[in-house]
Amino acid sequence: MLRFPTKIQNLLLVGLGFPIVALNIWVLSQFFRYFEHLITILTIAALVAFLLNYPVKILEQVNVRRLLAIVCVLLITLTLLIILGVTVVPNAIEQTTELIKQVPEWIRASNENINAWEEWGKRKGLQLDFNVLRSQINAKIDTQLQIIGAEVVGLAVGTLSGVVDTLSIIVLSIYMLLYGDRLWFGIVAILPEGIRIPLSESLRQNFQNFFISQLILGTFMATSLTAVFFFLQVPFGLSFAIFIGAAELIPFIGASLGIGLVTVVIMLKNFGLGVSVLIASVIVQQIKDNLLAPKLMGEFIGLNPIAILICLLTGGQIAGLLGVIVSVPIAGTIKGTFDLMSKPPHNLVPQPEYAGESLDSE
């Protein structure tokens, strides 16, 4: 039997393994694009079920039956959504709509600021030429005007579809809370027990802990920046603060991207105000990163920062924004599964749940 030297075997393994991995990623991306709408709804419903399962488990710990705990959590959640729906949401929608209308005017104002900078440069003996930047700004104006026109038509067309999708997510989330454990263990039943138990435990820890932490951090950023922007008298401050808080769902880089984009938009209107917004937002972000985030997130993912960036890029390539959001907890689940598999069997405690234990548990 022909045997190759070890180095050649390693080279063959790498050389053959890379095309196989690349092919699988391509197939996965094509599969997602074909079923994108369905996968998105199922993923969002599963994440909602993971988040709601956390307070359900807390109620179960004080001897509340699971079915009653689910009903209580759903009623509380519905009450909170109604409160937000009649207070924060209308103001945010109104501000966002007005902001979309104001952006072209802000871009024109920035065009005038560029002319002022050129005049200042001439007085100082500097040859400043912003013609390329000016042409890009004018192109942005035309594009934004077209987007505004399309938004008016798209709102009427997409409203019904959005309502149907929202109702589908709500119904699926409830059913996942009720019967998710049976569905999950029916799926992983084909796997060996040595993989099934670590995978279930790692999935629960990474997704539930990660998204609960991100939700708390995003809420902290949104509420804190709302107060800061109100103090600074930032126009459309509520919409900007909610946008930065929502961007926190993108792991590790979301808040920075949100702050950067908001700063650029505000600088179009008022350069000095944009600088103030940047400084204030970075201060709030540092408070979040150094005081709140370590206590919430800890090291439960344990991924190298370079690996995290690769996960974000890969997730974005395969599934867009949804892929970016779930890529890190998926990678953490894979790593956590292998870590648990390497432990002695007696250290693994079975977790009979996907979104919770059986309804019959007391």
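The predicted model of the protein contains 10 helices and 0 strands, and reading along the sequence gives the pattern α-α-α-α-α-α-α-α-α-α. Of the 362 residues in the protein, 35% are buried. Among the contacts with a sequence separation of 6 or more, 72% are accounted for by residues 24 or more positions apart. The protein exposes about 22,100 Å², and carbon and sulfur atoms supply 71% of this area.

The packing of helix α6 was examined against two partners, α7 and α2. Helix α6, which spans residues 193-232, packs against helix α7, residues 237-247, at an angle of about 155 degrees, the two axes lying 8 Å apart. Because of this angle, α6 is roughly antiparallel to α7, and α6 passes α7 in a right-handed crossing. On the α6 side the contact is made by Gly218, Met221, Ala222, Leu225, Thr226 and Phe229, while α7 contributes Gly237, Leu238, Phe240, Ala241, Ile242, Ile244 and Gly245. Sorted by class, the contact of α6 with α7 comprises 9 nonpolar and 4 polar residues, with no charged residues.

The second partner, helix α2 (residues 36-61), meets α6 with another geometry: α2 and α6 pack at an angle of about 85 degrees, with 9 Å between their axes. The angle lies in the range of 65 to 115 degrees, and α2 is therefore roughly perpendicular to α6. Here the contact is made by Leu47, Phe50, Leu51, Asn53 and Tyr54 of α2 together with Leu203, Arg204, Phe207, Gln208, Phe211, Ile212 and Leu215 of α6. The contact of α2 with α6 has, by class, 9 nonpolar residues, 2 polar residues and 1 charged residue.

Helix α7 also packs against α8, at an angle of about 155 degrees and with the axes 7 Å apart, so that α7 and α8 are roughly antiparallel to each other. The crossing in which α7 passes α8 is right-handed. In this contact, Phe240, Phe243, Ile244 and Ala247 of α7 meet Gly254, Ala255, Gly258, Ile259, Leu261, Val262, Val265 and Ile266 of α8; by class, the contact has 10 nonpolar and 2 polar residues and no charged residues. Phe240 and Ile244 of α7 are thus listed in the contact with α6 and also in the contact with α8.

Individual residues in and around these helices were then considered. Glutamate 248 lies in the loop between α7 and α8, the latter helix spanning residues 254-269. With a relative accessible area of 5%, which is under the 20% cut-off, glutamate 248 is therefore buried. Not counting residues up to four places away in sequence, glutamate 248 touches Gln214, Leu217, Gly218, Met221, Gly254, Ala255 and Lys288. Of these neighbours, Gly218 and Met221 also take part in the contact of α6 with α7, whereas Gly254 and Ala255 belong to the α8 side of the contact with α7. The C-alpha atom of glutamate 248 is separated by 9.5 Å from that of isoleucine 325, which is 77 residues away along the chain.

Threonine 226, found in helix α6, has a relative accessibility of 27% and counts as partly exposed. Apart from residues up to four places away in sequence, threonine 226 touches Leu238 and Ala241, both of which are listed on the α7 side of the contact with α6. Threonine 226 and phenylalanine 236 are 10 residues apart in sequence, and their C-alpha atoms are 9.8 Å apart in space.

Backbone conformation was considered at two loop positions. Most residues other than glycine have a negative phi. Phenylalanine 236, in the loop between α6 and α7, instead has a positive phi, near 60 degrees. Asparagine 63, in the loop between α2 and α3 (66-86), likewise has a positive phi, near 65 degrees. The two positions differ in accessibility: phenylalanine 236 is buried, with a relative accessible area of 15%, whereas asparagine 63 counts as exposed at 72% relative accessibility.

Methods: Residues are numbered from 1 along each chain as its sequence is written. This is a predicted model: local features need pLDDT of at least 70, side-chain atom pairs count only at pLDDT 80 or more; totals for chains, interfaces and linings use all residues. Side-chain values use heavy atoms; hydrogens and water are left out. Helices (H or I, at least four residues) and strands (E, at least two) are DSSP runs, numbered from the N terminus. Buried means under 20% relative accessible area, exposed over 50%, partly exposed in between (1.4 Å probe, protein chains only). Contact means heavy atoms within 4.5 Å. Accessible areas come from the Shrake-Rupley method with a 1.4 Å probe; for residues, only the protein chains shown count as cover. Axes are lines fitted to C-alpha atoms, for helices over the stretch in contact, and angles run from 0 to 180 degrees between N-to-C directions. Angles under 35 degrees count as roughly parallel, over 145 as roughly antiparallel, 65 to 115 as roughly perpendicular and the rest as oblique. A crossing is left-handed if the near helix is turned anticlockwise from the far one by less than a right angle, and right-handed if clockwise. Ala, Val, Leu, Ile, Met, Phe, Trp, Tyr, Cys and Pro count as nonpolar, Asp, Glu, Lys and Arg as charged, and the others, Gly among them, as polar.
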